Amino acid sequence: MTVWIVLRYCLYKSFLLFIGRSTGKASWNGGLCRVQAEKACAIMAAKGIHAVLHSDPAFPVMLKTIPDFPYAVFYRGSLEPFKRQCVSVVGTRKICRETARAAFSFAQSAVQDGQTVVSGLAYGTDTFAHKGALSGGETGCTAAVLPCGIETVVPYGNRFLAAQIVRSGGCIASEYAPGIPAEPWRFVHRNRLVAALSSCTVVVHAPAGSGALITADFAADYSRDVMFHEAGLRAIAVETAGGCQGKKVRAERTCGRFLEEGAPVIKNYADFVAVKNDAPGTHVCKNKRQLELFKAQG
């Protein structure tokens with residue numbers, strides 16, 4: 001069964017090449033697909049990796065709702081975390097002490113409330129989010145999405161954290177078959193899955209041009225909520241005042257653009273819950289009188 005799943009995955013990737021959905025030269029090599037599938041299956045058997053197709057009932061439901069869904073998900077651990085309410089926690093790799101605590105505390109409170117914390121296992125914000133989730137006692141549950149085949153962990157320094165996530169009943173997932181290396185563009189593809197898996201993405205600390213803002217863009221495109229943590233906005237203000245503005249980026253690659261469009265700012269998980277429970281449009285509606293309709297019906 002596993003061989004058939006991986007073979008179909010390889011055939012699908014080759015088909016995308018054939019119809020021109022790649023910048024490389026279109027080609028078709030059935031024999032090579034077979035070899036790649038057999039190699040991937042050998043790695044999966046050795047590393048305890050499983051696969052689920054988009055057509056399978058066990059496929060994460062939230063991923064089925066996006067137009068660019070993955071054909072298959074390869075994973076270690078359990079898919080059970082994706083059956084719970086999920087919240088994605090993202091941010092920069094270079095965080096300060098305050099935002100590290102914010103990511104840890106938010107994730108800890110989220111899992112204690114029955115949620116699954118989704119992130120990308122990167123250094124910085126992702127690491128503290130996963131650790132915070134794991135510290136949530138017996139309810140601790142977190143899932144990490146990788147930009148490569150999951151027989152290896154990227155970054156390598158988080159391999160022990162990845163093992164802890166699996167042991168705790170969490171999940172390490174990827175849309176890429178074993179043997180696929182991490183490349184710069186795959187990190188962006190990974191970000192879309194982090195955004196898609198949750199009803200809301202919380203940006204803890206994202207300076208201008210940060211990859212976390214790409215995740216926020218995906219979340220908005222998928223009609224998910226986007227929120228910003230107050231601690232991260234304070235940190236950015238301090239960095240900017242101190243001249244640490246980093247590379248120049250377009251205005252749309254900043255937190256300010258999301259805030260101008262009505263993205264809520266939260267202080268902690270309790271704030272997050274309060275915002276989620278507010279009437280639709282409360283934080284983005286320019287004409288507050290329109291919201292009286294919800295109050296009247298309530």
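## Val203 and its contacts

In this predicted model, Val203 touches several residues that lie more than four places away in sequence: Val90, Ala212, Ala216, Val226, Met227, Phe228 and His229.

## Two nonpolar cores

Val203 and Phe228 have the most contacts inside the largest nonpolar core, which has 34 residues. At least two residues of this core come from each of strand S2 (72-77), S3, strand S5 (142-145), strand S6 (171-174), helix H6 (184-196), helix H7 (211-221), S8 and helix H9 (255-260). H7 gives the largest share, five residues.

Another core, of 20 residues, lies apart from this one. Among its members are Ala102, Met227, Tyr269 and Val275. In soluble globular proteins, nonpolar side chains tend to be buried together.

## Helix H10

Helix H10 covers residues 269-277, and its residues Tyr269, Phe272 and Val275 are buried. These residues span an arc of only 115 degrees around the axis, so they sit on the same side of H10. Ala270 and Asn277 are exposed, on the face of H10 turned away from the buried side.

Several elements help to cover the buried residues of H10, including strand S3 (86-91), helix H3 (97-112), strand S7 (200-205), strand S8 (225-229) and strand S9 (265-266). Two of these buried residues, Tyr269 and Val275, also belong to the core of 20 residues.

## The start of H10

The N-terminal end of H10 is capped by Asn268. A side-chain oxygen of Asn268 lies 3.2 Å from the backbone nitrogen of Ala270, a residue on the exposed face of the helix.

Terms used. Residues are numbered from 1 along each chain as its sequence is written. This is a predicted model: local features need pLDDT of at least 70, side-chain atom pairs count only at pLDDT 80 or more; totals for chains, interfaces and linings use all residues. Side-chain values use heavy atoms; hydrogens and water are left out. Buried means under 20% relative accessible area, exposed over 50%, partly exposed in between (1.4 Å probe, protein chains only). Helices (H or I, at least four residues) and strands (E, at least two) are DSSP runs, numbered from the N terminus. The arc is that of the directions from the helix axis to the C-beta atoms. Contact means heavy atoms within 4.5 Å. A polar contact is a pair of N or O atoms within 3.5 Å; within protein, one must be able to donate a hydrogen and the other to accept it, and residues adjacent in sequence count only if both atoms are side-chain atoms. A nonpolar core is a set of buried Ala, Val, Leu, Ile, Met, Phe, Trp, Tyr and Cys residues joined through side-chain atoms within 4.5 Å.
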